[in-house]
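Trainee: I would like a close look at a single part of this model. Please take one interface and then follow the charged pairs from there.

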Amino acid sequence: MIRDPEGFNIFLGDLRRFVKERLVPHEKTVMERDEVPTEIVRDMAAQGMFGYSIPEQYGGAGMTTEELVLAAMELSQCSVAFRARVGTNTGIGSEALVADGTQEQKKKYLPGLASGEITGCFALTEPDAGSEATALKSTARREGDVYILNGTKCFITNAPIAGVFTVMARTNPAEPGAAGISAFIVERDTPGLSTGAPYRKMGQEGSPVSEVHFNDCRVPAANLIGGEEGVGFRTAMKVLNKQRIHLAALCTGPAIRMLDEAIRFVMERRQFGQQLADFQLIQAMIADCQTEIHAARALILETARQRDRGEDVSLSASICKYFASEMCGRVADRCVQMFGGYGYIADYGIEHFYRDVRLFRLYEGTSQIHQLNIAKRTLATHGYREGK
């Protein structure tokens with residue numbers, strides 16, 4: 001669903017120029033400094049990038065899912081750090097509020113998230129609750145007008161710089177699985193909340209990730225998302241179903257960029273008296289990359305349109321994330337191969353993307369978790385019952 005096709009095409013053109021002229025030239029600086037410079041963050045905020053999917057009445061662009069994924073494919077054709085800097089605000093860091101927050105909660109937090117004044121993050125994963133998120137052990141105990149939060153979260157993108165945390169914690173320890181989990185908004189300066197030092201990572205320099213610790217952290221009861229206990233996991237699944245479509249688009253942009261870089265290289269580089277691009281095995285790798293990129297794009301757009309029509313996308317969102325993240329890894333591998341020995345040298349840049357995109361197959365559900373989810377849902381449509 002594109003609300004204003006002509007106007008949106010203009011927006012995409014402007015975004016494409018901003019990425020190429022403002023963001024791409026600073027990729028090396030971001031990698032060396034391991035942060036996105038403040039002036040770049042200001043420019044991204046001025047472009048409205050923090051509020052793409054936040055409703056217009058709260059200062060965002062109110063993009064449909066289709067509009068969001070098309071924008072994501074453009075924005076992600078540069079260093080992953082740039083889209084990660086805004087991605088939690090326009091994705092998992094705000095979506096719980098957008099989906100299930102009370103009007104008071106939305107009015108209080110969404111404008112700041114949309115403007116980029118506040119950075120949000122989504123604190124679900126724990127050391128013993130990653131792929132099986134319902135096993136989380138963080139607790140939230142009600143005492144009068146506050147909840148007392150205790151526990152540790154890990155691998156939380158933007159946690160070191162976040163001002164607002166969407167936190168999943170168990171309000172009813174007697175209820176196993178999803179039933180006892182609730183969702184909270186926790187502000188950075190809340191006593192008892194602390195974040196660890198940013199991890200040193202394989203790639204994605206400039207995107208800070210760390211642990212989050214809650215030690216008798218006193219959160220106002222008014223910050224229980226939706227004002228209802230026990231529905232936090234349902235909220236998290238709403239967030240993740242949309243985010244998986246979004247992330248699939250964010251996997252597709254880097255694949256486009258890597259293929260463009262590889263094509264430029266093989267057209268300039270010569271071996272045996274001819275361009276590398278003349279060799280049929282090089283052309284085969286180009287064809288495989290281009291085909292998979294087109295397949296991912298078509299899949300993502302169709303799933304986005306399904307969500308905009310109000311259809312259940314829990315299966316197709318999982319398919320999108322699984323296929324697009326694996327596709328991006330295959331494209332990265334082929335592109336390094338096309339560069340030959342130069343692909344292993346940092347000066348040529350492709351190895352940076354190769355390292356960055358490896359994470360795509362791990363977060364928002366590992367590829368293996370998505371395989372299980374896709375298989376179980378597919379089997380269920382045929383009347384299959386496990387262990388029957």
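Trainee: What is the area buried between domain 1 and domain 3, and what percentage of that area do carbon and sulfur atoms give?

Mentor: The model is predicted, so every value here is computed from predicted coordinates. About 2,500 Å² is buried between domain 1 and domain 3, and carbon and sulfur atoms give 64% of that area.

To place the two parts: the domain assignment divides the protein chain into domain 1 (5-115), domain 2 (120-228) and domain 3 (234-381). Between the C-alpha centres of domain 1 and domain 3 the distance is 21 Å. In terms of residues, 25 from domain 1 are in contact with 29 from domain 3.

The polar part of this interface can be counted in two ways. Between domain 1 and domain 3 there are 11 residue pairs in polar contact, with both residues at pLDDT 80 or more. On the domain 1 side that touches domain 3, the elements giving two or more residues are α2 (27-33), α4 (65-75), α5 (80-87) and α6 (92-100). Of these, α4 gives the most, with 7 residues. Sorted by class, that side of domain 1 has 12 nonpolar, 8 polar and 5 charged residues.

The second count concerns salt bridges, of which the rule finds 4 across the interface of domain 1 and domain 3. Side chains of opposite charge can pair when their charged atoms come close. One salt bridge to look at joins K238 and D100, with 2.8 Å between the closest N and O atoms. There is also a network of salt bridges that links E27, R257, E261 and R264.

For the structure as a whole, the number of salt bridges is 22. Three further pairs can be set beside those already named. The first to take is D14 with R17, a salt bridge whose closest N and O atoms are 2.3 Å apart. Both residues belong to helix α1 (residues 5-23), and they are 3 residues apart, about one turn of the helix. D14 has a relative accessible area of 36%, so D14 is classed as partly exposed. R17, at 44%, is likewise partly exposed.

Next is R33 with E35, where the salt bridge has its closest N and O atoms 3.2 Å apart. R33 is partly exposed, with a relative accessible area of 45%. E35 is partly exposed as well, its relative accessible area being 39%.

The remaining pair is R309 with E311, whose side chains meet in a salt bridge at 2.8 Å, N to O. E311 has 37% relative accessibility and therefore counts as partly exposed. E311 also leads to a residue outside the charged set: Q306, which is in contact with E311, V313 and S316 once its neighbours within four places in sequence are left aside. Q306 is located in helix α9 (residues 280-308). Its relative accessible area is 18%, and Q306 is buried because the class takes in values under 20%. The contact between Q306 and E311 thus joins a buried residue to a partly exposed one.

To return to the part you asked about: the area buried between domain 1 and domain 3 is about 2,500 Å², with 4 salt bridges and 11 residue pairs in polar contact across it.

How values were computed. Residues numbered from 1 in each chain as written. Predicted model: local features only at pLDDT ≥ 70, side-chain atom pairs only at ≥ 80, totals over all residues. Heavy atoms only, no water. Domains from an automatic or database assignment. Contact = heavy atoms within 4.5 Å. Buried area = accessible area lost by both parts, 1.4 Å probe. Polar contact = N/O pair within 3.5 Å; in protein donor to acceptor, adjacent residues only side chain to side chain. Helix = DSSP H or I, 4+ residues; strand = E, 2+ residues; numbered from the N terminus. Nonpolar A, V, L, I, M, F, W, Y, C, P; charged D, E, K, R; others polar. Buried < 20%, exposed > 50% of the residue type's maximum accessible area, 1.4 Å probe, protein only.
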